[in-house]
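Subject: Structure for your review

Dear colleague,

Please find below the structure that I am handing over to you. I would be grateful if you would read the notes that come after it with the model open.

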Amino acid sequence: MATADGGFIAIQAKTTVSPSMNAESPYRQTVSQFVRHWLASRDGDGRLGWNRPMNPAHDRLVLAVGPHTPRSIRIDLPNALRLVGQPGGGILNQAQQRAFTYFEAAATEAWHQTTLAPFDPSIVPDLA
């Protein structure tokens with residue numbers, strides 16, 4: 001979805017999703033889709049509009065969830081990603097750290113399943 005300021009938003013909508021280490025879980029599949037989108041954008045030539053390196057000032061990867069989704073996904077994960085994504089990072093509380101650990105593990109696994117390029121942990125704030 002294009003925005004008025006030239007950005008793009010890629011949205012994954014789920015009624016409910018829970019953090020899971022299971023590779024087949026909706027959560028892991030969603031994070032995998034985000035990693036694949038990020039890689040396609042990074043490596044794209046811009047001909048499709050969205051397929052150019054993502055700009056954190058204008059572009060977003062969004063997981064939209066329903067009200068019955070666990071707090072760890074609705075509250076803790078976005079707060080953790082916001083802290084990790086800010087310059088210099090931030091200190092995560094225990095719930096945020098747990099949510100971030102699931103996200104980071106899912107992103108790392110998705111990376112290895114998608115590309116032969118070595119995983120660089122600095123990509124995680126970019127995904128955030």
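The notes below cover the empty spaces, the aromatic pairs and two buried residues.

Please bear in mind throughout that this is a predicted model.

Pocket

The largest pocket has a volume of about 750 Å³. Its lining consists of 28 residues, and those closest to the centre of the pocket are Arg60, Leu61, Leu81, Leu127 and Ala128. Four elements give two or more residues each to this lining: helix 1 (26–43), strand 2 (60–65), helix 2 (71–85) and helix 4 (123–127). Helix 2 gives the most, with 7 residues. By class, the lining of the largest pocket holds 19 nonpolar, 3 polar and 6 charged residues.

Cavity

A search of the whole structure for cavities of 30 Å³ or more returns 1. The volume of the largest cavity is about 40 Å³. Its lining is made up of Phe8, Ile9, Ala10, His37, Ser41, Trp50, Arg52, Met54, Asp59, Arg60 and Leu61. At least two residues of this lining come from each of strand 1 (9–14), helix 1 and strand 2. The lining of the largest cavity divides into 6 nonpolar, 2 polar and 3 charged residues. Arg60 and Leu61 thus appear in the list for the cavity and also among the residues closest to the centre of the largest pocket.

Aromatic pairs

The structure has 2 aromatic pairs. In one of them, the ring centres of tryptophan 38 and tryptophan 111 are 6.2 Å apart and the planes stand at 50°, so the pair is classed as tilted. This pair links distant parts of the chain, since tryptophan 38 belongs to helix 1 and tryptophan 111 to helix 3 (residues 94–114), with their positions 73 residues apart. Tryptophan 38 and tryptophan 111 are both buried.

Another pair joins tryptophan 111 to phenylalanine 119: the ring centres are 5.8 Å apart and the planes stand at 75°, so this pair is edge-to-face. Tryptophan 111 has a relative accessible area of 4%. Phenylalanine 119, at 18% relative accessibility, also counts as buried, because the limit is 20%. Trp38, Trp111 and Phe119 together form one aromatic cluster.

Two buried loop residues

Threonine 69 is located in the loop between strand 2 and helix 2. Its relative accessibility is 2%, so threonine 69 counts as buried. A polar atom of the threonine 69 side chain lies 3.4 Å from the backbone oxygen of threonine 15. Apart from neighbours within four places in sequence, threonine 69 is in contact with Thr15, Thr16, Val17 and Arg74.

Serine 20 sits in the loop between strand 1 and helix 1. With a relative accessible area of 18%, serine 20 is under the 20% limit and therefore counts as buried. Its side chain reaches the backbone nitrogen of asparagine 22 at 3.0 Å. Once neighbours within four places in sequence are set aside, the contacts of serine 20 are Ser25, Tyr27, Arg28 and Tyr102.

With kind regards

Key: Residues are numbered from 1 along each chain as its sequence is written. This is a predicted model: local features need pLDDT of at least 70, side-chain atom pairs count only at pLDDT 80 or more; totals for chains, interfaces and linings use all residues. Side-chain values use heavy atoms; hydrogens and water are left out. On a 1 Å grid over the protein atoms alone, a cavity is a set of points where a 1.4 Å probe fits but cannot get out, and a pocket is an open set with protein on both sides within 12 Å along at least five of seven lines; lining residues have an atom within 4 Å of a point. Grid points are joined across faces, edges and corners, and a volume is the space filled by probe spheres set on the points. Ala, Val, Leu, Ile, Met, Phe, Trp, Tyr, Cys and Pro count as nonpolar, Asp, Glu, Lys and Arg as charged, and the others, Gly among them, as polar. Rings of Phe, Tyr and Trp (its six-membered ring) pair if their centres lie within 6.5 Å; planes under 30 degrees apart count as stacked, over 60 as edge-to-face and the rest as tilted. Buried means under 20% relative accessible area, exposed over 50%, partly exposed in between (1.4 Å probe, protein chains only). A polar contact is a pair of N or O atoms within 3.5 Å; within protein, one must be able to donate a hydrogen and the other to accept it, and residues adjacent in sequence count only if both atoms are side-chain atoms. Contact means heavy atoms within 4.5 Å.
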